[in-house]
Amino acid sequence: MKLLTARDEREALRLYKRYPEALPLAGGTDLMVGWNTGRLNGKTILDLSRLKDWARIRETPMGVWIGALATHTAIRVHPAVKSRFPLLAESSETIGGRQIQNQGTLGGNIANASPAGDTFPALAVYEAKIHTVSDAGRRVVPFSEIFAGVKQTTLQKGELIEGVELTTPSTEPCRQGFRKVGTRAAQAISKTVFAGLLWLNKDRTVDDIRLALGSVATSVRRLEHIETSLTGQKLDPKAITRALNLLSRDIHPIDDIRSTRDYRMLVSRNLITSFLNAR
Amino acid sequence: MPTVGHDRLRKEGPQKLTGTALYVDDIPVKGIWHGVTVRSSVAHAKIKGIRFLKGFPWRQAVVVTAKDIPGENCVHLIEDDQPLLADGITRHALEPVALIAHPDRATAYNALNFVEINYEPLPSVLDFEKSKKILKTFSIKKGDAKKAMKKAWKKVDTTFRVPHQEQAYIENNGMMAWFEPDGTLVLQGSLQCPYYIVKAMKPIFKLPEEKIRVIQAVTGGGFGGKEEYPNIISGHAALLAKKAKRPIKMIYDRHEDMSATTKRHPAVIKHKAGIDKKGRLVALDIDIVMDAGAYVTLSPVVLSRGILHASGPYECPNVNIHASIVQTNTPPNGAYRGFGAPQTLFAAELQWEKLADASKIDAVKLRERNLVKIGSELSTGQILKESVGLKKCVDTVLKRSRFTALRRDHDKWNKKKTSPTWRGVGFASVHHGSGFTGNGEVFLKSKASVTLTKSGRFVIETASSEIGQGSMSTLCQIVSDALGVPYEWVELEANDTSRVPDSGPTVASRTCMIVGGLLYRAAKQLKAAIEEKAKKIPTTPAVLKEVAKKLAGKKSVFRITTEYEKPADIEFDDTTYKGDAYGSYGYAAIAVDLEVDRTTYEIKLNKIWTAQDIGKAINPLIVEGQIIGGTTQALGWAVFEKPIYKNGVMQNAEFTNYIIPTALDTPPMDVVIIEEPYSRGPFGAKGVGEMPMDIPAPAVCAAIKQATGLFFPEIPVTPEMIAAGIARKG
Ligand SMILES: Cc1cc2nc3c(=O)[nH]c(=O)nc-3n(C[C@H](O)[C@H](O)[C@H](O)COP(=O)(O)OP(=O)(O)OC[C@H]3O[C@@H](n4cnc5c(N)ncnc54)[C@H](O)[C@@H]3O)c2cc1C
């Protein structure tokens, strides 16, 4: 294994350009698993840990900026994240255990592109913007366009995630919900993971709604059919049932080593139902 | 100041806490090479050839196959049916076929990518319920179960199933081997039973016992998983050491350890029970089948303990039990905490729920009418003469958990439409025979010594292994109190067969009760010898040294060795399975409180109450640790642990997907130790290690039944099963 250590951003981008096959190393909680199994034998590693600026979390006039190297612990306890983007704080709280939260980063979580990434439903409903940087320049990628498939991103050669921009919605949602359903209370991979935002009009009709589920498709899914079906409707049982019948158009869970398709489908449905019924 | 009954600093605690304890992979050995194992990838096949492919620097490595074995190609245990290296045929996937050693560990592993085995497939049996190859059977008959069942007021018939379970010790299997210039084979590693290894190496290397030395390294847990398996890894490391003419180290990684080494035997138990109008158990008709895997290993002994516990801690005049163990083409199963009893007790206990449904009498009330007490007769005809604390355990748990009231509260909660969960509390009670089954101890003839060195140190000599259970401290406490000296004055000799006598294997909670008993006697004799020279036991090191010099005379130590003596009034017939199966039994009761989420069907374990009669807690903190740890392990078996097999290969052989409980999954536990002393145990002690593993699973299923109305005669009960069950109910 070859280790490249970048002192600063410029050097990191230069090195990455020269060694595009290198694997960036942030907290290492995903990479080290591969290292342990020998998958990284002979690979080149680009260590980002000295890019201190990239670990910052900053409140901005529009929302919050979270550097790619910010750890889940830093995110979970950050006052602005907690008050303005509580679902992200809650999801960071459910990642691995405390040790993993202290070490793992948001950038690493995204770049790893697991179908079960637990921050993704929150990032999806907050419509996060991913800022990337390479020797050639900077890009802003909507979160909905960052994944290309299982364990695949749309990052280009030599491109790193620099940070995540979260914009505070113009009106505050009247309901926010997050729930992870894993294999146990900690150190658990999700069977299904949910985040939802809801805005209601004065007449109790749905002004806007954003729902997302993870672990039930190749990557996180916004539930577009359900969202569309509910927008403008009163949240009565009929509307909810009608919307939920569209669930199988939005997600495609499978049987695997951790759970079953049926369970994932049923529980995802239950999670949405209890969110819509505020239970 | 007596130490028995008090918490004392763990003898090995400080080293473990500060990271200075050396586990086998930490021990530096100059010039050592790393050994890896080539394993078969199919369940049953003729091996047509092994090819070592181009592209790997084979000249730097040493390769061993079956033909390099100097003696017999077998892993000596009960039957010698298991080859050390598969020769011409593989009977399970992941069977060792060849060994490779290289100076560099990563390179050694890489070599595995350059080995190709050609197979000619043979028909395989992977599902033990379909296997017709019976390796061993046992039967127990008492009274006339058939007739009694016919006459019973209510009868139930349930088929119970329990799965494999992985020991999941914190340290994987690992062993080092080398040959001394005089030809002595030395093995050092992670292990429970050093003398088992000595005996296993003899036929392989055609060496006399004196030329085989086994040393226990600090061991990170065993739970039975390092009882017999180290025989295999020892043989492998030694074969490589012989051929490479240098020390060899073999350390399994987690994946290899989980997929290739032994697990708890899965079992299916067809259990029929009948009660009379008074709720008394009048008939039991039980059929047990366990899965041995591809070879016999310790399966007959596991099956034996299984059948001996199958009727539970209850009186029943008419019992008919048949037990068999069958062969499959899967990796062999072996020892695991509880050793067959958790399997059969699961059925015995959970069946009360069915009897309760049938009779409309509460399951706990039914049990209370049948609990064994002094004078009761077990299924083998054994009469319990002393030390039966079962009722005390039951009463304690019922009272501390407010069991009846809690059940009522839960029923109310479950009726409310707005409750986010369903709640349930379940109960179970068990017995567990302490020490070896039947005449095991008689055959073993264990020895243990206490010595006084010339420099005035008391040293315990046993081959009993500290594997995290606290045996070092427990044995030192027994000896220091028997001698009447401070705890700090007593030490343990290294667990090295060249220095300690064969005190038998570290299994079945026999270390404290049996080996502790031998040491107690030795210490008492040593005390008498000291008092003969010095009137009373010295209270200062200086005086002790004086006495020690006198006692030792020309030798460097004064040693007292005791040997196991069979108590005259304990008789067991191995052929008819009649008589005193165990010298004594421990007893336990438990209540498990849990809730099931109505949205996700996840089970949350809220609280455990348990009371366990262990005779005497030599060190209460250690005992509590055993109970909490064992309970957690059993809770994992009940709700999480599900080895998934495909073509006889475990698919989830890693902690990401083989789910064991984390600290956050472990509920608070209210542990009460009950002490009904056993006259032959040191200070009254009997076994503690296994009951915590025996008892939780049926109580969990009973609690889930109250919560959801669903009866699962199988484990683990997963959210997926509950979801499907609720969907079925509509
Ligand atoms: C025991 C355990 C439990 C876990 N539990 C969870 C869980 O509950 N939920 C969950 O979602 N995840 C979990 N994970 C996975 C992991 O911890 C998270 O994905 C974490 O956020 C990864 O961050 P990291 O900084 O450690 O990534 P690293 O391991 O350093 O990197 C991960 C991947 O991202 C790439 N990368 C890292 N930073 C950048 C960057 N700035 N730009 C471009 N590429 C980059 C790396 O090259 C690598 O491919 C767990 C892992 C372990 C070992």
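Which residue in β11(B) is the bridge partner of Leu187(B)? The partner is Val214(B), and this pair serves as a way into the sheet described below. The model is predicted, with local features needing pLDDT of at least 70 and side-chain atom pairs counting only at pLDDT 80 or more, while totals for chains, interfaces and linings use all residues. Residues are numbered from 1 along each chain as its sequence is written, chains are lettered from A and ligands numbered from 1 in the order in which they are written, and side-chain values use heavy atoms, with hydrogens and water left out.

Strand β10 (residues 185-189) of chain B runs parallel to β11(B), the two being joined over 5 bridges; strands count as paired if DSSP finds at least two bridges between them. Helices (H or I, at least four residues) and strands (E, at least two) are DSSP runs, numbered from the N terminus. Both strands belong to an open sheet of 7 strands in chain B, ordered β3-β5-β1-β12-β9-β10-β11, with mixed pairing. At its edges stand β3 (62-64) and β11 (212-216) of chain B, each with a single partner strand, so one side of each lacks a neighbour in the sheet. On average, neighbouring strands are turned by 25° against each other, direction ignored. Helix α4 (residues 194-205) of chain B packs on this sheet, touching β9 (174-179), β10 and β11 of chain B, and its direction makes about 145° with that of β11(B). Axes here are lines fitted to C-alpha atoms, for helices over the stretch in contact (heavy atoms within 4.5 Å), and angles run from 0 to 180 degrees between N-to-C directions.

Turning to internal space, the structure holds 7 cavities of 30 Å³ or more. A cavity is a set of points on a 1 Å grid over the protein atoms alone where a 1.4 Å probe fits but cannot get out, and lining residues have an atom within 4 Å of a point. Grid points are joined across faces, edges and corners, and a volume is the space filled by probe spheres set on the points. The second largest cavity has a volume of about 70 Å³, and its lining includes His271(B), Tyr314(B) and Trp352(B). The largest contribution to that lining, 4 residues, comes from α8(B).

Finally, His432(B) sits in strand β16 (residues 421-433) of chain B. His432(B) is buried (under 20% relative accessible area, 1.4 Å probe, protein chains only), at a value of 3%. Beyond its neighbours within four places in sequence, His432(B) is in contact with residues including Arg305(B), His309(B), Glu690(B) and Asp694(B).

Methods. Buried < 20%, exposed > 50% of the residue type's maximum accessible area, 1.4 Å probe, protein only. 1 Å grid on protein atoms, 1.4 Å probe; cavity = no way out; pocket = protein on both sides within 12 Å on 5 of 7 lines; lining within 4 Å.
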